[in-house]
Amino acid sequence: MTGCKILITGQEVAKQAKKKDNQILIGFSMDTLREERWQKDKAIFEQKVKELGGDVKTLSANGDDNLQLSQAEQLISQGVDVLVVNPHNSKTTAAIVNKAHKEGIPVIAYDRLIMNADVDLYVTFDNVKVGELQAKAVVDHMAKESKGNMVYLGGADTDNNAKLFREGAMKVLKAEESKGKIKIVYDQYTKDWKPEEAMKNMENALTANKNNVQGVVAANDGVAGGAIQALSAQGLVGKVPVSGQDADLAACQRIAEGKQTMTVYKPIKSIASKAAELAVALAKGEKIEVKNKVHNGKINVPSVFLEPVVVTKDNLVQTVIRDGFHRMEEVYKNVPKDQWPK
Ligand code: GAL
């Protein structure tokens with residue numbers, strides 16, 4: 001067939017250039033790198049994909065939905081074999097799944113579910129259980145003599161996980177409330193998980209209840225940090241139990257100092273490695289069997305649920321320090337050395 005021209009799109013060129021070297025290329029579209037944990041997710045995920053012989057392109061959208069969409073389009077046009085997405089907005093990211101599938105690219109939802117779309121796989125922790133563990137710890141640590149006024153500070157309402165954390169926490173709190181043990185006096189999501197927003201919400205809760213608050217269920221450590229700032233302004237730090245999540249260094253320090261009651265540790269190594277293994281296997285076209293599934297409003301998404309771990313003053317060493325998530329010197333930085341656990 002002479003004289004005929006074959007039109008290759010820029011996309012085709014990019015794809016063919018990549019295809020030439022047959023390197024598996026995974027795209028990782030992240031909501032943000034603002035919280036400490038996501039920086040770890042990025043580093044461990046990239047390292048694991050490389051160990052498995054693949055390559056990774058990671059883009060972070062700084063909490064901007066439009067930017068996340070255009071970054072995903074960029075990764076799709078660069079011919080990634082699989083797209084791993086940590087959505088800022090669990091609903092609007094359905095558009096990314098549709099665009100990827102048009103190019104035959106499978107999508108893995110990372111930690112947060114993407115709603116109303118044909119997501120291929122979902123890797124996360126048992127998020128409802130996270131909420132249950134947080135509420136239970138705060139109820140258990142509340143001053144017994146008083147009928148406790150409880151404050152719930154949720155995560156971002158754009159994040160499906162925040163809904164699941166709240167669901168788990170409310171299961172515990174509502175049961176305690178029906179027994180007349182506590183009263184839920186405040187219940188708010190925190191815009192974009194921002195500590196400064198959480199501090200404002202906590203100030204409002206304290207003002208509305210004339211500081212008569214006996215417990216705070218905070219959805220993650222950033223939110224807990226904001227709440228504790230507001231409590232500290234009222235001289236209530238260490239007197240009111242506060243939960244958290246993510247085992248941020250600052251939170252582990254607060255726990256060691258008795259300012260925060262607990263955090264929920266989610267070993268990032270397990271979720272990032274698992275997602276990397278599944279992404280590379282999908283890229284190789286391997287058949288993947290997973291035990292669980294969750295409905296996202298459109299389909300039952302094949303899912304992997306990992307176990308969260310409760311961290312308190314009593315087991316910092318056996319959990320985050322033993323795992324090398326943080327070092328003893330860092331966690332106990334503000335604690336006199338003779339009070340360090342042996
Ligand atoms: C959630 C995640 C939490 C927390 C939060 C804020 O989706 O599961 O671990 O980090 O986002 O980034």
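Mentor: Let's start with a term: a cavity is a set of grid points where a 1.4 Å probe fits but cannot get out. Keep in mind, too, that this is a predicted model.

Trainee: Happy to. How many cavities of 30 Å³ or more does the count come to?

Mentor: The count comes to 1 cavity at that cut-off. About 110 Å³ of space lies in the largest cavity, so it passes the 30 Å³ mark.

Trainee: What makes a residue part of the lining of that cavity, and which ones lie nearest its centre?

Mentor: A lining residue has an atom within 4 Å of a point. For the largest cavity 13 residues qualify, and Trp38, Arg112, Trp193, Asn220 and Asp246 lie nearest the centre. The elements that each give two or more residues to this lining are α2 and α6. By class, the lining has 3 nonpolar, 3 polar and 7 charged residues.

Trainee: And the largest pocket: what is its volume, and what lines it?

Mentor: Its volume is about 210 Å³. A pocket is an open set of points, so the name sets it apart from a cavity, where the probe cannot get out. The pocket has 14 lining residues, and nearest its centre are His141, Gly238, Gly258, Gln260 and Thr261. Its lining divides into 4 nonpolar, 6 polar and 4 charged residues.

Trainee: Back to α2. How do you know what span to expect for this helix?

Mentor: Take 1.5 Å times one less than the number of residues. Helix α2, residues 36-51, has 16 residues, and its 23 Å reach is close to the expected 22 Å.

Trainee: Which residues of α2 are buried, and where do they sit around the axis?

Mentor: Arg37, Trp38, Asp41, Phe45, Glu46 and Val49 are buried. They cover an arc of only 160° around the axis, which puts them on the same side of α2. Among the elements covering them are β1, β2, β3, β4 and α10.

Trainee: One last residue: why is Ala224 called buried?

Mentor: Buried means under 20% relative accessible area. Ala224 has 0%, so the word applies. This residue is found in helix α8, residues 221-233.

Trainee: Which residues is Ala224 in contact with, leaving aside its neighbours within four places in sequence?

Mentor: Contact needs heavy atoms within 4.5 Å. By that rule Ala224 is in contact with Ala218, Val242, Ser243, Gly244, Arg254 and Gln260. You met Gln260 earlier, among the residues nearest the centre of the largest pocket.

Conventions: Residues are numbered from 1 along each chain as its sequence is written. This is a predicted model: local features need pLDDT of at least 70, side-chain atom pairs count only at pLDDT 80 or more; totals for chains, interfaces and linings use all residues. Side-chain values use heavy atoms; hydrogens and water are left out. Helices (H or I, at least four residues) and strands (E, at least two) are DSSP runs, numbered from the N terminus. Buried means under 20% relative accessible area, exposed over 50%, partly exposed in between (1.4 Å probe, protein chains only). The arc is that of the directions from the helix axis to the C-beta atoms. On a 1 Å grid over the protein atoms alone, a cavity is a set of points where a 1.4 Å probe fits but cannot get out, and a pocket is an open set with protein on both sides within 12 Å along at least five of seven lines; lining residues have an atom within 4 Å of a point. Grid points are joined across faces, edges and corners, and a volume is the space filled by probe spheres set on the points. Ala, Val, Leu, Ile, Met, Phe, Trp, Tyr, Cys and Pro count as nonpolar, Asp, Glu, Lys and Arg as charged, and the others, Gly among them, as polar.
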